[in-house]
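Me: I should like to go through a structure with you, one question at a time. Please reason briefly and end each reply on the value or name requested.

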There are 2 protein chains.
Amino acid sequence: EIAPLNQLGDEQGCRLVDGNVATPDGFAAAYHTYIANGWNAMLGDPNYDGQDLPYSMAIPVHEMLNSANLSWRLTTMLTESTVLALTKHASQALKDIYLAKVISGEWTGTMNLTEPHAGTDLSLLSTKAEPNDDGSYAITGNKIFITAGDQDWTNNIVHLVLARLPNAPAGVKGISLFLVPKFMVNADGSLGAKNSVSVGSIEHKMGIKGSPTCVMNYDDAIGYLVGEENAGLACMFTMMNDARFQVGLQGLGIAEASYQGALTYAVERLQSRAPQGIQAPEQKADPIVFQPDVRRMLLTQRALTEGSRALSMLYAKFMDIEKYTDGEEQAHADHVIAYLTPVCKAFFTDMATEVSNYGIQVYGGHGYIRE
Amino acid sequence: EIAPLNQLGDEQGCRLVDGNVATPDGFAAAYHTYIANGWNAMLGDPNYDGQDLPYSMAIPVHEMLNSANLSWRLTTMLTESTVLALTKHASQALKDIYLAKVISGEWTGTMNLTEPHAGTDLSLLSTKAEPNDDGSYAITGNKIFITAGDQDWTNNIVHLVLARLPNAPAGVKGISLFLVPKFMVNADGSLGAKNSVSVGSIEHKMGIKGSPTCVMNYDDAIGYLVGEENAGLACMFTMMNDARFQVGLQGLGIAEASYQGALTYAVERLQSRAPQGIQAPEQKADPIVFQPDVRRMLLTQRALTEGSRALSMLYAKFMDIEKYTDGEEQAHADHVIAYLTPVCKAFFTDMATEVSNYGIQVYGGHGYIRE
């Protein structure tokens with residue numbers, strides 16, 4: 001249901017209609033099927049209706065979602081990262097209000113770090129958080145590159161936003177994390193007024209156009225502290241580390257899709273005779289899969305994707321050890337994960353560029369045009 | 001005048017209006033300035049108002065055109081290749097009618113090899129050429145991926161088309177080359193009736209959208225033999241070899257543009273402090289050009305582009321030797337060119353992919369979006 005929406009999604013892209021994001025046709029319906037069947041809740045805490053499945057089961061599903069439709073997948077990916085950050089760092093009160101709904105996918109989540117002048121260097125971050133009398137905070141600032149900053153799939157969105165408290169220390173030691181809902185949530189769980197969060201614009205990206213990447217404006221928006229004051233970056237890193245591995249997995253998913261497409265084309269496309277002798281005498285030419293250079297490219301694609309998949313499963317194994325053990329065993333798994341996270345992110349995405357490049361070349365001129 | 005049209009050209013793209021290609025705003029005007037100033041005629045035969053300049057002077061200009069606006073450049077590039085093929089292989093009569101106008105750029109040229117089922121394997125080519133009573137031929141077939149197959153810059157276009165004569169030998173030994181004008185040319189040089197050449201569609205490419213890549217339909221179109229019967233592939237190779245080197249030069253042009261953009265951005269963009277100590281104490285952060293990994297990427301870009309440029313000038317030198325000498329010296333230059341042509345095409349274009357990839361990374365997230 002998700003893969004057939006991929007090309008359409010990139011062609012239609014996302015639009016801003018009266019300040020709200022409209023996603024491509026079919027994206028919302030596919031999401032509702034997805035959450036109704038429980039896929040969003042695979043890794044969630046069972047106390048909030050999560051399924052508590054091992055990562056070894058979830059990660060191959062995530063890889064397939066990336067292959068099927070990366071634009072569509074990005075929203076659920078960051079919702080899962082939101083679940084993780086709230087599970088580890090949010091107060092009991094916040095968890096009771098938000099967690100079950102983000103785990104089920106009734107609401108989605110976003111990650112707000114980057115500002116126009118603070119990208120790699122979060123010490124320059126200038127979004128402000130002023131305490132309100134009721135224990136909440138007023139958040140004001142602009143964030144850019146916010147994946148799924150808005151969508152038309154669910155009736156609420158949970159934004160996790162980095163901001164500075166008054167008199168916070170300079171640099172990264174003065175950053176706190178806040179939960180800012182798109183719509184306020186009443187005590188009985190029903191939705192209240194719209195919060196002062198708005199979409200400034202949708203970024204014009206080169207690809208994944210079906211996924212809205214937004215400029216977000218927070219203008220005295222009501223937010224709630226997640227974790228300790230001035231310790232927001234550590235909390236966000238819980239989310240970001242999960243997202244980093246998942247970005248690596250995007251590379252793996254794209255590489256696999258490229259390999260599958262190139263292999264199918266190479267078996268069907270007839271050009272020239274095979275150097276080792278005629279393979280399809282009933283045809284005017286042989287499939288290009290018999291050309292040595294095409295075979296080399298396809299086998300390189302396959303070796304890189306299968307090797308990366310093996311590494312992703314090793315990563316999943318250590319994620320499971322970290323999740324289900326304690327003490328030294330858990331600490332060791334933690335170290336391995338910290339080591340492997342940037343390796344997976346960098347290697348899988350670089351690998352995907354190489355594999356997709358081979359894919360385009362196997363298609364010849366047809367790899368450069370759309371049909 | 002050409003570079004500022006680049007972004008606009010890719011945004012507007014080309015449209016098919018009543019069967020004719022409409023190019024982006026400003027493209028035609030820039031072309032008229034270009035040909036009025038004689039740039040199209042740099043390499044042409046002086047007997048037909050060409051300037052007969054050395055390749056060593058022309059190739060750096062071509063590189064700059066590629067950097068400025070590749071979409072725009074492609075049309076003039078194939079016009080120059082057309083000039084070369086006609087100069088070497090056309091009859092005196094054809095030269096007298098067509099050559100001066102293609103050299104000046106009053107008319108443009110195209111190269112028609114590929115068919116839906118005959119890409120890398122031209123032996124499968126099926127476009128037909130039937131002799132007419134007057135010595136011309138009736139050309140019928142479909143060609144794809146035709147760069148600048150139509151445009152709204154000039155009042156005529158000279159198509160060079162590969163086709164098979166009746167009873168031609170099978171395979172690549174039965175291919176002939178024909179000149180097929182968009183509009184017939186009267187004896188006095190004025191334009192006559194429209195020939196039976198039409199644009200089937202504009203291909204939907206990933207990039208260079210300002211350049212129309214066309215599906216061309218020839219339906220009993222009147223054509224004239226260029227070179228000997230059944231020796232068309234050798235004639236076309238004159239054109240294609242020139243185009244192959246020029247495609248390499250496209251890579252070099254794009255790589256240089258990427259390097260210049262990345263360098264400018266790295267000097268302006270402030271993020272973090274330089275590891276070797278504060279460089280801009282009056283600012284909140286230092287330019288990213290002081291980050292070692294950014295320097296590594298920029299220097300790699302520069303080394304690859306400058307090295308490639310040196311090779312392009314070596315190529316130009318041998319092109320000049322081949323042009324201005326004879327005997328053994330010319331034969332040796334011919335061999336060197338034959339050896340270097342695929343090296344330049346493959347290396348410069350692969351290099352450009354690598355250099356541009358670094359360029360995107362220097363820009364960070366801004367490398368993935370359009371502003």
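Me: Does Asp52(B) count as buried, partly exposed or exposed, and at what relative accessibility?

Reply: The model is a predicted one. Asp52(B) is found in the loop between α2 (27-36) and α3 (55-68) of chain B. Because partly exposed covers the range between under 20% and over 50%, Asp52(B) counts as partly exposed, at a relative accessibility of 29%.

Me: What is the phi of Asp52(B)?

Reply: Asp52(B) is not a glycine. Its phi is nevertheless positive, at about 55°.

Me: Which side chain meets that of Asp52(B) in a salt bridge, and how many residues apart are the two?

Reply: The side chain of Asp52(B) forms a salt bridge with that of Lys323(B), at 3.1 Å from N to O. This pair links distant parts of the chain, since Lys323(B) belongs to helix α7 (residues 292-324) of chain B and Asp52(B) to the loop between α2 and α3, so the separation is 271 residues.

Me: In chain A, which residue is joined to Asp52(A) by a salt bridge?

Reply: Asp52(A) counts as partly exposed at 30% relative accessibility. Its partner is partly exposed too, with a relative accessible area of 28%. The salt bridge, at 3.1 Å from N to O, joins Asp52(A) to Lys323(A).

Me: Are the side chains of the salt bridge between Glu115(B) and Lys143(B) buried or exposed, and what are their relative accessible areas?

Reply: The two side chains meet at 3.0 Å, N to O. Glu115(B) lies in the loop between β3 (108-112) and β4 (128-131), and Lys143(B) in strand β5 (residues 137-147), both of chain B. Buried means under 20% relative accessible area, so Glu115(B) is buried at 4% and Lys143(B) is buried at 0%.

Me: What relation superposes chain B on chain A?

Reply: A rotation of 180° with 0.0 Å of shift along its axis superposes chain B on chain A, with an RMSD of 0.0 Å. That is therefore the relation of a two-fold axis.

Me: What area is buried between chain B and chain A?

Reply: The size of an interface is often given as the accessible area lost when the parts come together. Here, 30 residues of chain B are in contact with 30 residues of chain A, and the rule finds 0 salt bridges across the interface. Carbon and sulfur atoms give 54% of the buried area, which is about 2,300 Å².

Me: Which residues make the nonpolar surface patch that includes Val343(A)?

Reply: Val343(A) is found in helix α8 (residues 327-362) of chain A. Val343(A) counts as partly exposed at 34% relative accessibility. The patch, of about 320 Å², is made by Tyr339(A), Val343(A) and Phe347(A).

Terms used. Residues numbered from 1 in each chain as written. Chains lettered and ligands numbered in written order. Predicted model: local features only at pLDDT ≥ 70, side-chain atom pairs only at ≥ 80, totals over all residues. Heavy atoms only, no water. Patch = residues over 30% accessible without salt bridge, like charges linked within 9 Å, V, L, I, M, F, W, Y side chains within 5 Å. Areas by Shrake-Rupley, 256 points an atom, 1.4 Å probe, with all protein chains shown as cover. Salt bridge = Lys/Arg side-chain N within 4 Å of Asp/Glu carboxyl O. Helix = DSSP H or I, 4+ residues; strand = E, 2+ residues; numbered from the N terminus. Buried < 20%, exposed > 50% of the residue type's maximum accessible area, 1.4 Å probe, protein only. Least-squares fit on C-alpha atoms with pLDDT ≥ 70 in both. Contact = heavy atoms within 4.5 Å. Buried area = accessible area lost by both parts, 1.4 Å probe.
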